[in-house]
2 protein chains.
Amino acid sequence: MQAITIGGVARETGCKVQTIRYYEQIGLLRAPDRSEGNQRLYVRADVDRLVFIRHARDLGFSIEAIRELLHMADRPDMPCDEADAIAQRHLEDVDARIARMLALKAELERMLAQCAGGVVSHCRVIEVLSDHGKCLADVHTRGDAVPAS
Amino acid sequence: MQAITIGGVARETGCKVQTIRYYEQIGLLRAPDRSEGNQRLYVRADVDRLVFIRHARDLGFSIEAIRELLHMADRPDMPCDEADAIAQRHLEDVDARIARMLALKAELERMLAQCAGGVVSHCRVIEVLSDHGKCLADVHTRGDAVPAS
DNA sequence: CTAGGTGCTACAGCGACTGGAGCTTCAAGG
DNA sequence: CCTTGAAGCTCCAGTCGCTGTAGCACCTAG
């Protein structure tokens, strides 16, 4: 049972030290034992759990979804319908986002293709932004906002 | 020059009252004149500007990008290279995001397709999350995190 | 013995809003 | 004229998932 410092865990997982402490704070990771000098000492299982978390985060799962997934991972005898349902919901969400982003991409490309340069008063980019009517309609069926550039 | 209340502007633009005040606070919208009773009184140009802002937000431009775009829209004689460049950068960003989301989608679908139900200990979803090696490699070339489900 | 690398806690900040508390003002109906 | 309810006002806290900083303590190598 060799102990690993927080820095070691960070190096192994590619997760920042602060982020690890943050996960402890919000209860995703247990509070590990401490050394005499009050430093966190992790064991292998903690690293595994963090790998799970990071992986799920990379796949876009929310902290709350991960909390549920971890809860299930801790109970290997339960049926896995719920885990599948969470993944399924997330997939639907990703699909919706992709559709929206593709619409944005099309609109941006259209704006850029139509602007042959010149001055602002004739800039198609500015013009389209000013006038909703010059835009393809369906970009504005407000789904959740696209994260900014 | 008929005055419009903040609620009227909200109704016309589909933007929430608080958001309008927020845009004023961060300097995207000018501070309008006030009535005797201290209520904001907007004019048509303010509504137009807000429409521009909302439209750009819908297209995923950041507040800072919009600030620049508005700055340019206010100077119609300037060349529009910069506006085009902002849109171009944003397009590239959107493209990168789409690529990443498609990779996530593929991974999620693979996870779900391989899990035939059953119990957690054999759940492919949990398994893949636990073990990086069972995942298609390129999801983890850390671009910016995908927004959570 | 000392330097600097690592760890600790506590808190502020990001972006782009959103919501609430607790107040004032306004417009319409009786 | 009075009341009532909607709409406005300011100020501040919360969202999500971290990230950074200040100001310490500790630990290890030279």
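Select helix 3 of chain B and colour its buried residues: B:Asp46, B:Arg49, B:Leu50, B:Phe52, B:Ile53, B:Arg54, B:His55, B:Ala56 and B:Asp58. This is a predicted model, so everything on this tour is computed from predicted coordinates. Keep the selection and show what surrounds it. The buried residues of this helix pack against helix 1 (6–13), helix 2 (17–25) and helix 4 of chain B, and also against helix 6 (124–130) of chain A.

Stay on helix 3 of chain B and put a distance between its end C-alpha atoms. The helix has 15 residues and reaches 21 Å from first C-alpha to last, close to the 21 Å expected at 1.5 Å a residue. Just after helix 3 of chain B comes B:Gly60, with a positive phi near 90°.

**The contact between the chains**

Next, select the residues of chain B that touch chain A. There are 61 of them in chain B, in contact with 62 residues of chain A. Helix 3 (44–58), helix 4 (63–73), helix 5 (81–114) and helix 6 (124–130) of chain B each supply at least two residues to this side. Helix 5 of chain B gives the most, with 22 residues. Colour this side of chain B by class, and 36 nonpolar, 12 polar and 13 charged residues appear.

**The axis**

Now superpose the two chains. A rotation of 180° with 0.0 Å of shift along its axis brings chain B onto chain A, with an RMSD of 0.1 Å. The two copies are therefore related as by a two-fold rotation axis. To find the axis in the viewer, select B:Ile98: of the residues of chain B, its C-alpha comes closest to the axis, at 3.1 Å. Both copies use the same surface, since 100% of the contact residues of chain B recur in chain A.

**The nonpolar cores**

Hide the polar and charged side chains and look for the largest nonpolar core, which has 34 residues. Those with the most contacts inside it are A:Ala56, A:Leu69, A:Cys80, A:Ala83, B:Val125 and B:Ile126. The elements giving two or more residues to this core are helix 1 (6–13), helix 2 (17–25), helix 3 (44–58), helix 4 (63–73) and helix 5 (81–114) of chain A, along with helix 5 and helix 6 of chain B.

Centre on A:Ala56. Leaving aside neighbours within four places in sequence, A:Ala56 is in contact with A:Phe61, A:Ile66, A:Leu69 and B:Leu129. A second, separate core of 33 residues can be selected next; among its members are A:Val128, B:Leu50, B:Leu69 and B:Ala83.

**The loop at Asn38**

Move to A:Asn38, in the loop between strand 1 (33–34) and strand 2 (40–41) of chain A. Its phi is near 70°, a positive value in a residue other than glycine. A:Asn38 counts as exposed because it has 6 C-beta neighbours inside 10 Å, where 12 or fewer is the cut-off.

Then go to B:Asn38, in the loop between strand 1 (33–34) and strand 2 (40–41) of chain B. Phi of B:Asn38 is positive too, near 75°. With 6 other C-beta atoms within 10 Å, B:Asn38 is exposed.

**Chain A as a whole**

Finish with chain A alone, shown as a cartoon. Its secondary structure comes to six helices and two strands. Traced from the N terminus, the elements run α-α-β-β-α-α-α-α. Colour by burial, and 34% of the 149 residues of chain A count as buried. Of the contacts in chain A with a separation of 6 or more, 47% are between residues 24 or more positions apart.

Notes: Residues numbered from 1 in each chain as written. Chains lettered and ligands numbered in written order. Predicted model: local features only at pLDDT ≥ 70, side-chain atom pairs only at ≥ 80, totals over all residues. Contact = placed C-beta atoms within 7 Å. Helix = DSSP H or I, 4+ residues; strand = E, 2+ residues; numbered from the N terminus. Nonpolar A, V, L, I, M, F, W, Y, C, P; charged D, E, K, R; others polar. Buried ≥ 20, exposed ≤ 12 C-beta atoms within 10 Å, placed from the backbone. Expected span 1.5 Å × (residues − 1). Core = buried A, V, L, I, M, F, W, Y, C linked by C-beta atoms within 7 Å. Least-squares fit on C-alpha atoms with pLDDT ≥ 70 in both.
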